[in-house]
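Please look over the sequence and the predicted model shown below before reading the briefing, which goes from the whole chain to its nonpolar cores and then to individual backbone positions.

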Amino acid sequence: MEASASSPRMAVFLVVNFLAISARAQLTPDFYYHSCPNVFQAIMPVVRSAIQNEARMGASLLRLFFHDCFVNGCDGSLLLDDTPTFTGEKNAAPNQNSVRGFNVIDQIKAAVERECPGVVSCADVLAITARDSVHLLGGPYWDVKLGRRDARTASQAAANNSIPPPTSSLNQLISSFQNVGLSARDMVALSGSHTIGQARCTTFRARVYNETNVDASFAQTRKNSCPSANGIGDNNLAPLDQQTPTFFDNDYYKNLLQKKGLLHSDQQLYNGGSTDSIVETYVGSQSTFVNDFVNGMIKMGDSRPLTGSNGEVRKNCRRVN
């Protein structure tokens, strides 16, 4: 006898089917356990080689993951090149002449494709690479949740509107992170990624020349390599954490207590506002910072992923299949 939609048997079938679909859509650390068991072994050596060649690259690879996840979720959309008929995110204001490391992602993807063709998404490659970069620079190691698929499109407008600029106020930072499901505490913890890497003169010029909540000797040091006139030395670099720019620790927060945050948005975390106490907590306990950073990375990685039959697994991260 055929079951009606309202019959108990059909109801049970619908519930079981829904749970099965939900389970398939869930991100999980062992997603590639059977389909690509050596995915981590394929990725780590390429990341290690890139960082050994240039320590700054670790921070750049981590930043790719941030800038991808903030725009319509962690879907690899940032990696798509522009074409005559398609405008992607690479030339959005927060990314142009700023995000880097795409060639390393190409190398990683090629290594993964040799291991298991057409299986691992570019979005997952970014997530694993971000974790490995942090770990290789002395930071924590965590189980990355996997199972994302790649977007077939991108949005330059969304990139312009979603990624918080270095001129952000505290309220703007909190709002930007809330928009991707992250709390103010997550925001402060993830801002600790600025314990590694460098920033261009154009991003901190206004702070060291015009702001008052900045240590005078620190500002003078930064001025020495960042002339006041726009267009002169714009791409000159300075470390985001002047003590240990190639080691993942809590010195970033110690700098904020001394008014030595390089970016305006950095110092906003400790400027008499609601997040001061969180910064002080991380100064007093590196283990608390590391734990909160890992939790924040996992939460950010859960942001609006494409799963199941949505999106695709790109063979080349720069273009759709």
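What percentage of the 321 residues in the chain do buried residues make up? In this predicted model, buried residues account for 49% of the 321 residues in the chain. The chain has 14 helices and two strands, and its radius of gyration is 21 Å, close to the 20 Å that the globule rule gives for 321 residues, so the chain is as compact as a globular protein of that length.

**Overall dimensions, contacts and surface**

- Taken along the principal axes, the box filled by the C-alpha atoms of the chain is roughly 85 × 40 × 35 Å.
- Among the contacts in the chain with a separation of 6 or more, 75% are accounted for by residues 24 or more positions apart.
- The chain exposes about 14,500 Å², and 51% of that area is supplied by carbon and sulfur atoms.
- The chain carries 29 positive and 28 negative charges, and the mean positions of these two sets are 2 Å apart.

**Nonpolar cores**

- The largest nonpolar core has 71 residues, and the members that touch the most other members are F65, I105, I108, L269, F293, M297 and M300.
- Helix α3, which spans residues 56–69, gives the most to this core, contributing eight residues.
- Leaving aside residues up to four places away in sequence, I105 touches L61, L64, L79, V125, L126, T129 and C317.
- Another core lies apart from the largest one and consists of twelve residues, among them F204, V208, V214 and L263.

**Backbone positions with positive phi**

- N72 is not a glycine, yet it has a positive phi of about 60°, and this residue lies in the loop between α3 and α4, the latter covering residues 102–115.
- The relative accessibility of N72 is 42%, and because partly exposed residues fall between the limits of 20% and 50%, N72 counts as partly exposed.
- R304 is likewise a residue other than glycine with a positive phi, here near 45°, and R304 lies in the segment after α14, the helix of residues 286–301.
- With a relative accessibility of 41%, R304 also counts as partly exposed.

Terms used:
Residues are numbered from 1 along each chain as its sequence is written. This is a predicted model: local features need pLDDT of at least 70, side-chain atom pairs count only at pLDDT 80 or more; totals for chains, interfaces and linings use all residues. Side-chain values use heavy atoms; hydrogens and water are left out. A nonpolar core is a set of buried Ala, Val, Leu, Ile, Met, Phe, Trp, Tyr and Cys residues joined through side-chain atoms within 4.5 Å. Buried means under 20% relative accessible area, exposed over 50%, partly exposed in between (1.4 Å probe, protein chains only). Helices (H or I, at least four residues) and strands (E, at least two) are DSSP runs, numbered from the N terminus. Contact means heavy atoms within 4.5 Å. The radius of gyration is taken over C-alpha atoms; the globule rule is 2.2 Å times the number of residues to the power 0.38. Accessible areas come from the Shrake-Rupley method with a 1.4 Å probe; for residues, only the protein chains shown count as cover. Lys and Arg count as positive and Asp and Glu as negative; His and the chain ends are not counted. The place of a charge is taken as NZ of Lys, CZ of Arg, CG of Asp or CD of Glu.
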